[in-house]
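Got your viewer open? Grab the model and follow along; each stop tells you what to select and what you'll find there.

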Amino acid sequence: MWSGFPAPAVASSQQGSARQGSGEVIYRMPYAPKHPCGYPGCAALIEAGNSRCEKHRIQERRELDRQRGSATARGYGSKWRKASKEFLSQHPLCTKCYAMGILRSATVVDHVVPHKGDFKLFWDRTNWQPLCKRCHDKKTVMDGRWT
Ligand SMILES: [Zn+2]
Ligand SMILES: [Zn+2]
């Protein structure tokens, strides 16, 4: 018995009220409690679901990109690890300690002239010197002071 059955009218009214009901909840979302940006020292209030304010989101992404970029630019990676290991097996003693009459085994390959991202200087073995960790750390500190 189809004639006279008010199915379409009922269905549409039910659908309408359902949409209205869920719509109400959705449209209240922007009023969800805000919380401060997770960046240390930043008090900017941001919406729930985010961990950083807009400014710090961009800043953190930029820092990540820079870290990733410079690591690649420096040429560090498996190629460098392999080459430096080979170099150390051929030059097992720390150059600086050796100059002071101390025989200490080298653990790092250092660039005599800081390469500062220069690929040619980076891979130039005549610019490499074997250092022990102590001498290398000392040099790194001094390099930092100079720049
Ligand atoms: Zn922030
Ligand atoms: Zn040394």
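Among contacts in the protein chain between residues at least 6 apart in sequence, what share joins residues at least 24 apart? It's 39%. Keep in mind that you're looking at a predicted model.

**Whole chain.** Start with a cartoon view. The protein chain has six helices and four strands, and reading along the sequence you'll meet them in the order α-β-β-α-α-α-β-α-β-α. Of its 147 residues, 7% count as buried.

**Confidence.** Now colour by pLDDT. The average for the protein chain is 79, and 68% of the residues score at least 70. Select residues 8–19 next: pLDDT is below 50 there, and the stretch makes zero contacts in the model beyond near neighbours in sequence. Where pLDDT is low, don't read the predicted coordinates in detail.

**Strand β1.** Jump to His 35, which sits in strand β1, residues 35–36. Is His 35 buried, exposed or partly exposed? It counts as partly exposed, because it has 13 C-beta neighbours inside 10 Å and the partly exposed class falls between 12 or fewer (exposed) and 20 or more (buried). Show Leu 45, Ile 46 and Ala 48 as sticks too: His 35 is in contact with these, leaving aside neighbours within four places in sequence. Draw a distance from His 35 to Ile 46, C-alpha to C-alpha, and you should get 5.5 Å for a pair 11 residues apart in sequence.

**Helix α3.** Select residues 78–90. That's helix α3, 13 residues reaching 19 Å from first C-alpha to last, close to the 18 Å expected at 1.5 Å a residue. Why does α3 lie largely in the open? Of its 13 residues, the number buried is zero.

**Just past α3.** Pro 92 is in the loop between α3 and α4 (95–99). With 13 other C-beta atoms within 10 Å, Pro 92 is partly exposed. Outside its neighbours within four places in sequence, Pro 92 contacts Ser 105 and Ala 106. Then pick Pro 130: it lies 38 residues from Pro 92 in sequence, yet the C-alpha to C-alpha distance is 7.1 Å.

**The core.** Which residues make up the largest nonpolar core? Select Cys 94, Ala 106, Leu 131, Cys 132 and Cys 135; those five are it. Centre on Cys 94 and bring up its partners. Not counting residues up to four places away in sequence, Cys 94 touches its four fellow core members Ala 106, Leu 131, Cys 132 and Cys 135, along with Arg 104, Ser 105 and Pro 130.

**Last stop.** Finish at Lys 116, in the loop between β3 (108–111) and α5 (119–123). Check its backbone: phi is positive, about 50 degrees, although Lys 116 is not a glycine. Lys 116 is exposed, with 11 other C-beta atoms within 10 Å.

Terms used
Residues numbered from 1 in each chain as written. Chains lettered and ligands numbered in written order. Predicted model: local features only at pLDDT ≥ 70, side-chain atom pairs only at ≥ 80, totals over all residues. Core = buried A, V, L, I, M, F, W, Y, C linked by C-beta atoms within 7 Å. Contact = placed C-beta atoms within 7 Å. Helix = DSSP H or I, 4+ residues; strand = E, 2+ residues; numbered from the N terminus. Expected span 1.5 Å × (residues − 1). pLDDT = per-residue confidence, 0-100.
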